Amino acid sequence: MANPKIGLQLSTVAPVIREIGLYETLKQVAEIGIHHVEVSQVTMNEENIALLLKAKKNFGIQVSAMTAMLAPMGNQYDAWFDNLEQNFDKIVADCKAVGATAVRIGATSPAACGSYEAAVAFAAQTDAMGKKLKEYGIDLYFHTHHFELAMHNGKTVLDILKDHGDNYGFELDIHWIQRGGFNPVKVIENYDGRVRLLHLKDYRVNGAKYAQLGMGGDSLNAIVEFAEVGEGSLPIAECIETGIRCGCEFFFIEQDKTYDRTPLEAVKISYENLCAMGYADMFKA
């Protein structure tokens, strides 16, 4: 990829958006030095579309990817996200309005991870929707977690999805790959040509929390944290370089929880660490 970019997954700053609004949040994101965003946990109504366009004009914010669900989930996420099954025309129109050429699905359905056959069926459904989106110049991807690394018939759900669909790609998340027991660099290599979007989310084991909690069973999970990029144990630069070689166009900073830091403080740390690694030019609009 000739000119890859680093941006921000807006779910990272969703609490800030709820507090001070989308436009002011994007202003502060731009002031940090970030100009590409992936829209998630932001309702795509006329007001927010207008605010994204206003932020593009005033702060140079580029919407590089939008979020949708494949079908209704029957839970709280239906209020946040349009779904391709029921809102296809609206999603296409929203992408065209803000200039996004990628739609990403946040995860597979729980049922799709339950068996080999269910994963194949999900792949067929996703592939049909990806083919339909391509007619409008939009690529379809879906974001991975650790549960897509469940094994069936000797293959991960992720590999089953790769093998049974050509009209969609993958937004690999290096934290969740690590948490699922796989090497993020190797997984990125295995998905060469299918990864246009990649989440930069670091992985941290909190020793101080372990010392506080002791050896109880709950502590085994509680001490694994989402870290600011460069503050954890993942080989961030190697993941980025491998992603570039494998065709990745957008790398999005994401942090599901920021613990004792505000979301914007955490984002700034990730930004500064990535610049110190030599990636400052990838933040340019």
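This passage describes the largest pocket, one loop residue and the nonpolar cores of a predicted model.

In this model, local features require pLDDT of at least 70 and side-chain atom pairs count only at pLDDT 80 or more, while totals for chains, interfaces and linings use all residues. Residues are numbered from 1 along each chain as its sequence is written, and side-chain values use heavy atoms, with hydrogens and water left out.

Asp82 is placed in the loop between H4 and helix H5 (84–98); helices (H or I, at least four residues) and strands (E, at least two) are DSSP runs, numbered from the N terminus. The side chain of Asp82 is joined to that of Lys90 by a polar contact of 2.8 Å, a polar contact being a pair of N or O atoms within 3.5 Å in which, within protein, one must be able to donate a hydrogen and the other to accept it, and residues adjacent in sequence count only if both atoms are side-chain atoms. Not counting residues up to four places away in sequence, Asp82 touches (heavy atoms within 4.5 Å) Met44, Ala68, Met69, Asn87, Lys90, Ile91 and Asp94.

The largest nonpolar core (buried Ala, Val, Leu, Ile, Met, Phe, Trp, Tyr and Cys residues joined through side-chain atoms within 4.5 Å; buried means under 20% relative accessible area with a 1.4 Å probe, protein chains only) contains 81 residues, of which Leu10, Leu84 and Leu274 touch the most other members. Apart from this core lies another, of six residues, including Ala65, Ala102, Leu197 and Phe252.The largest pocket (an open set of points on a 1 Å grid where a 1.4 Å probe fits, with protein on both sides within 12 Å along at least five of seven lines; lining residues have an atom within 4 Å of a point) is lined by 35 residues.

Notes:
Buried < 20%, exposed > 50% of the residue type's maximum accessible area, 1.4 Å probe, protein only.
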